[in-house]
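Visitor: I would like to go through this structure with you. Could we begin with the overall layout and then turn to particular contacts?

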Amino acid sequence: EIRKRIESPEYLQLVKKCFRDWSAAESEDKRRMIRNLLSNAAASKICSDDVIRMFITWIDMYSEPHFKVIKAIFKTPGISRQEVWDSIHGEAVREDSAEADLFKLLILDLSTGHVIRQHRQVDYYGNFVKSQPKKRSGTASRIMASAFDDEKEYELTELGKQFVFYTMNELVPRLAANSAEQPQTDVGSSHVPPPV
């Protein structure tokens, strides 16, 4: 099955696209992610080749700081912005600093790119449930929401989880060769591509 897959025209198109991006990749980390993506795309068919092509674009488009945010959220689903910041940088900065502006931009890029989202409740059928608006206290705060908010929880989207599984093997537990010995991973999806 794997031999048939790697000899298919569809897979060879992915290889061509990856090699174009390989030469333009500015870091060894991005090259490793491309290698992981190609290996896992050959060994499993969890998502379509269209999604794989989008993952190649994400590797090219996002920077190392973006990937640090993705890794922090993958490791701790439900993490707040403050906790993400602490796990990456640790030191407090002013709200009007360049560091805070950059951090807000990273969160915005990944949110609008549908890699991460604020945690939402879902019903049995996977529909997002509207949250009840919180009652406001009598006095409104004059301070705007912080770049390092500690209340709202963030999680990876399903696409974000698949991106991690295909590209960041060091975060995903290795699966045993014998399918009977394979551990179950609980990251919101019952299908986990085997890391190569």
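Guide: The following exchange covers the fold, a pair of helices, some individual residues and the salt bridges. Please note that this is a predicted model.

Visitor: Fine. How many helices and strands does the protein chain have?

Guide: The secondary structure consists of eight helices and two strands. Along the sequence, their order is α-α-α-α-α-α-α-β-β-α.

Visitor: And what share of the residues is buried?

Guide: Of the 196 residues in the protein chain, 37% are buried. As for contacts with a separation of 6 or more, 72% of them involve residues 24 or more positions apart.

Visitor: Let us look at helix 3 and helix 4. At what angle do their axes cross?

Guide: The axis of helix 3, which spans residues 28–43, crosses that of helix 4, residues 49–61, at roughly 175°. The two axes come within 10 Å of each other. Angles over 145 degrees count as roughly antiparallel, and helix 3 and helix 4 are therefore roughly antiparallel to each other.

Visitor: Which residues meet there?

Guide: From helix 3, the participants are Lys30, Met33, Ile34, Leu37 and Ala41. Their counterparts in helix 4 are Ile52, Phe55, Ile56, Ile59 and Asp60. By class, this contact has eight nonpolar residues, two charged residues and no polar ones.

Visitor: Take methionine 33 from that list. Is it buried or exposed?

Guide: Methionine 33, in helix 3, has a relative accessibility of 3% and so counts as buried.

Visitor: What does methionine 33 touch, leaving out its sequence neighbours?

Guide: Setting aside residues up to four places away in sequence, methionine 33 touches Ile59, Phe67, Phe163, Thr167 and Met168. In addition, the C-alpha atoms of methionine 33 and isoleucine 56 are separated by 9.0 Å, with the two residues 23 apart along the chain.

Visitor: Where does asparagine 40 sit, then?

Guide: Asparagine 40 also belongs to helix 3. With a relative accessibility of 0%, asparagine 40 counts as buried. A polar atom of the asparagine 40 side chain lies 3.1 Å from the backbone oxygen of tyrosine 166.

Visitor: Changing topic: how many salt bridges does the structure hold?

Guide: There are 10 salt bridges. Among them is a network that links Glu28, Arg31 and Arg35.

Visitor: What about lysine 161? Which residue is its partner?

Guide: The side chain of lysine 161 forms a salt bridge with that of glutamate 158, at 3.1 Å from N to O. These residues are three apart in helix 8, residues 158–167, and so are separated by about one helical turn.

Visitor: How accessible are those two?

Guide: Lysine 161 counts as buried, at 14% relative accessibility. Glutamate 158 is partly exposed, with a relative accessible area of 35%.

Visitor: And lysine 104, which residue does it meet?

Guide: Lysine 104 meets aspartate 101 in a salt bridge, with an N to O distance of 3.8 Å. Both lie in helix 7, residues 98–112, and they are three residues apart, which means a separation of about one helical turn. Lysine 104 is partly exposed at 35% relative accessible area, and aspartate 101 is likewise partly exposed at 44%.

Visitor: One last pair: how far apart are the N and O atoms of lysine 4 and glutamate 1?

Guide: In the salt bridge between lysine 4 and glutamate 1, the closest N and O atoms are 3.9 Å apart. Lysine 4 and glutamate 1 are both exposed.

Key
Residues are numbered from 1 along each chain as its sequence is written. This is a predicted model: local features need pLDDT of at least 70, side-chain atom pairs count only at pLDDT 80 or more; totals for chains, interfaces and linings use all residues. Side-chain values use heavy atoms; hydrogens and water are left out. Axes are lines fitted to C-alpha atoms, for helices over the stretch in contact, and angles run from 0 to 180 degrees between N-to-C directions. Helices (H or I, at least four residues) and strands (E, at least two) are DSSP runs, numbered from the N terminus. Angles under 35 degrees count as roughly parallel, over 145 as roughly antiparallel, 65 to 115 as roughly perpendicular and the rest as oblique. Contact means heavy atoms within 4.5 Å. Ala, Val, Leu, Ile, Met, Phe, Trp, Tyr, Cys and Pro count as nonpolar, Asp, Glu, Lys and Arg as charged, and the others, Gly among them, as polar. A salt bridge is a side-chain nitrogen of Lys or Arg within 4 Å of a carboxyl oxygen of Asp or Glu. Buried means under 20% relative accessible area, exposed over 50%, partly exposed in between (1.4 Å probe, protein chains only). A polar contact is a pair of N or O atoms within 3.5 Å; within protein, one must be able to donate a hydrogen and the other to accept it, and residues adjacent in sequence count only if both atoms are side-chain atoms.
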